[in-house]
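Me: I'd like to learn how to read a few features of a structure, one at a time. Please give me the general idea, then the case at hand.

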Amino acid sequence: MSLLRVENVTHYFGGLRAVHNYNLRVEPGQIRGLIGPNGAGKTTIFNLITGIYTPTEGEIWLEDSSIVGLRPYEIASSGLGRTFQNLRLWRHMTVLEHVKMAHYSKISYGLIGAFFGTPKRHREEAEIEEKANSLLELVEVRPLADQIVTNLPYGALRRVEMARALATEPKVLFLDEPTAGMNPEELTRMMDIIRRVHGELGLAIFLIEHRMKVVMDLCNTIQTLVFGEVIAEGTPEETQNNPRVIEAYLGEEVVT
Amino acid sequence: MGVRTGVRSGELSTGRNRLGQLLNRIWAPFSQVPLLGWLLGALIAVALEQLLGTYLARILGMIKIPALFGFAIVLKDLALIPSAILYVLLIYVLPVAVIARLSASLANRLAAKLLSFPMWVSVIVHLGLLYAVLGLWAGVSDYRTLVARLTLIGIMLTLSLNVVNGYMGEFSCSHPGFMALGAYGASVFTMVAFVDDRAFGPPLLPPALGPFMFPTALIVGGATAALGATLVAIPSFRTRGDYLAIISLAFTFIVKSFIENLEVVGGPRGLGSQPDWANLPTVFVWTVLCLWIINNFVRSTLGKALNAVRDEEMAANAMTVNTRRTKMIAFLFAAFWAGVAGGLFAHVLRYINPGTFGLQKLAEVLAMVYFGGLNSVAGPIVGAVSFNLLGEALRPLEVYKWIIIPLLLIVVMIFRPTGLIAFREFDVKNLLEPKQKPEEEVEHVAAAR
Ligand SMILES: Nc1ncnc2c1ncn2[C@@H]1O[C@H](COP(=O)(O)OP(=O)(O)OP(=O)(O)O)[C@@H](O)[C@H]1O
Ligand SMILES: [Mg+2]
């Protein structure tokens, strides 16, 4: 049984068909890639799976339960963590607070604990702080834990977002262009961190990328999306040599 | 031209620097005074006022002790400016400064000692001192007691509205409505149960029980307000969008006209003769309770979810935060405290009518929130205290008061758009800590070098 199954998902924005007949299977431990030109519908697919949009048609299963129609926080708590293409951090919070916040659904001290500062609350807050700190360690931002995120360099922000997504304890981690806007140095570091996260936490990763080098190096299987339709699916080599992909996507990149 | 302006702005900035240096130099001897020291100083000052205040006021040509630091007296008779200033200096500033400075090392040692026990010990000692200062100050006249109680109620209103307008970043206008629900809910409870009055007839329970049941009455008031809040919250938070401001404003008007048409509670004539149970200690204890619970909440991860919802709701949702539930809880929570404040308000004034809970009340609460500072606990205290004292002090100016206060608010908004003390955590331990290491230790370190 696949970890995540997406079957024949189609989505319209008004009259615009953004995604057409999309299928996906993610197996435990896989790293899958999704590439495609600007406006192809990649982010829309992420938003459909994570519940921000409800698909016009189609089914989505996480393990054996359907997640179509669930609210985003329910989908997140049941095991799909994500980052955003244009960072969506909380601008008045520290790095540590970000990662602690993503433990929200696991907090059990409740309102009584929140209002009266019970010992149980202090214990639980200390626990999630410890977990948060080890995630910050993992993505190499531990020294910045007490900084407000607006003070941080760009590369660190992307890693904070990743730590935050990991704190939801996902079975599948969705990364929307994790290396967008990075300089070569930050890029290598990010790729190392993705590999390390994958190795240490043993989760499946589904990532959108624009840079071929990143997808080719990291992914087991790659889907190529053009105008909301998957035109090719295969290993990095197959994708690289597929004439339709070259025509629709790689060619364009060579030109620009 | 350009050069000249350059020179001038240069002079200006050195002027400002010099002022800053001067302030720093004045402040330096006091930088090591812990909160405990200030409280001791204030205690001596207010005790001094009890003993010598009337005497000194007479010598300085005033009829009685100036009620609020001499503002009102000065506005009535400008010739008394020097007397008022002298009074404030001699009774408050000088004793506080001298005692705080002289007792600094003792106070530091004491503060350190207190913190070696569980924290609540130190908290109780500080609160006890604070209450002693407030009680002695307010004990001088009934007027002061009234102002003190209304100010404390103002703090509760401001703190609770700040949960919605500051921490959660929505704009709610329903606080007067919640206050009205709390005021009427608590009043009806106490009057039906414990008071023989024209509106509700003989009491149901022995009146001697009354004061012990007053907390229940306030909780009933708070719960009434929270119930009303669900009517606002359900339509406002179901969908995304900025409906809350409109719906909550409408709510305030609806509550007002609902009560105006409710003859059982006196309709537009209002409801009077509530029992006199909201004395200064009671209001003080409830204010402290409100502050403690709100501060606990906003510092917990559950409470910080409000900030997440405010700053980036989609991300909050994707990080497992149940955003709708978070908003509902915060809104009902804020309404509850506005209701409790309303219940206290009714039992302080012992007369309420629907007109009290209209636009002017709204303007006052909003002003206190935005003046004091968003997303902060210290901010609302500063906002409510300064707004209430200013409002009372400027009372002799009558209508002009309503020109000066908004102008002040605009000035604050220009220089500090989020308010005086915004986006700051209220860390109790930090507040109570000694401001200086014990002297021996400092010497040891120096000797070791
Ligand atoms: N909320 C929306 N409402 C209407 N149209 C939308 C919405 N979101 C996306 N679209 C449209 O759907 C199409 C796919 O957008 P999407 O953001 O998924 O592309 P993408 O593949 O992620 O592109 P990029 O590489 O630029 O991130 C685009 O034409 C976009 O304009
Ligand atoms: Mg995209």
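Me: Into which accessibility class does Thr43(A) fall, and why?

Reply: Classes rest on relative accessible area: under 20% is buried, over 50% is exposed, and anything in between is partly exposed (1.4 Å probe, protein chains only). Thr43(A) has 25% relative accessibility, so it counts as partly exposed. Gln85(A), at 31%, is partly exposed because its value also sits in the middle class.
Before we go on, a word on conventions: this is a predicted model, where local features need pLDDT of at least 70 and side-chain atom pairs count only at pLDDT 80 or more, while totals for chains, interfaces and linings use all residues. Residues are numbered from 1 along each chain as its sequence is written, chains are lettered from A and ligands numbered from 1 in the order in which they are written, and side-chain values use heavy atoms, with hydrogens and water left out.

Me: Which residues are the protein donors of the magnesium ion?

Reply: A donor is an N, O or S atom within 2.8 Å of the metal (3.2 Å for Na, K and Ca); water is not among the atoms, so sites may look incomplete. Here Thr43(A) gives OG1 and Gln85(A) gives OE1 to ligand 2, at 1.9 to 2.1 Å. This pair joins distant parts of the chain, 42 residues apart: Thr43(A) is in helix α1 (residues 42–49) of chain A, and Gln85(A) is in the loop between β6 (80–82) and α3 (95–101) of chain A. Helices (H or I, at least four residues) and strands (E, at least two) are DSSP runs, numbered from the N terminus.

Me: In what order do the strands of the open sheet run?

Reply: Two strands pair if DSSP finds at least two bridges between them. In chain A, four strands form an open sheet in the order β2-β1-β4-β5, with antiparallel pairing. Its edge strands, β2 (16–26) and β5 (65–66) of chain A, each pair on one side only. Seven bridges connect β1 (residues 4–13) of chain A with β2(A) in the antiparallel sense. For one register point, look at Arg5(A), whose bridge partner in β2(A) is Arg25(A).

Me: How many aromatic pairs are there over all chains?

Reply: Rings of Phe, Tyr and Trp (its six-membered ring) pair if their centres lie within 6.5 Å; planes under 30 degrees apart count as stacked, over 60 as edge-to-face and the rest as tilted. The whole structure holds 26 such pairs. For Phe46(A) and Phe206(A), the centres are 5.5 Å apart and the planes at 40°, so the pair is tilted. Phe46(A), in helix α1 of chain A, and Phe206(A), in strand β8 (residues 204–208) of chain A, are 160 residues apart. Both Phe46(A) and Phe206(A) are buried.

Me: How do the rings of Phe115(A) and Phe333(B) lie, and why do they get their label?

Reply: Their centres are 4.5 Å apart and their planes at 10°, so this pair is stacked. The contact crosses between chains, from helix α4 (residues 110–116) of chain A, home of Phe115(A), to helix α14 of chain B, home of Phe333(B). Phe115(A) is buried with a relative accessible area of 14%, and Phe333(B) is buried at 7%. Both belong to one aromatic cluster with Phe116(A), Trp292(B) and Phe297(B).

Me: Where does Gly266(B) lie?

Reply: Gly266(B) is in the loop between α10 (244–260) and β1 (271–272) of chain B. With 9% relative accessibility, Gly266(B) counts as buried.
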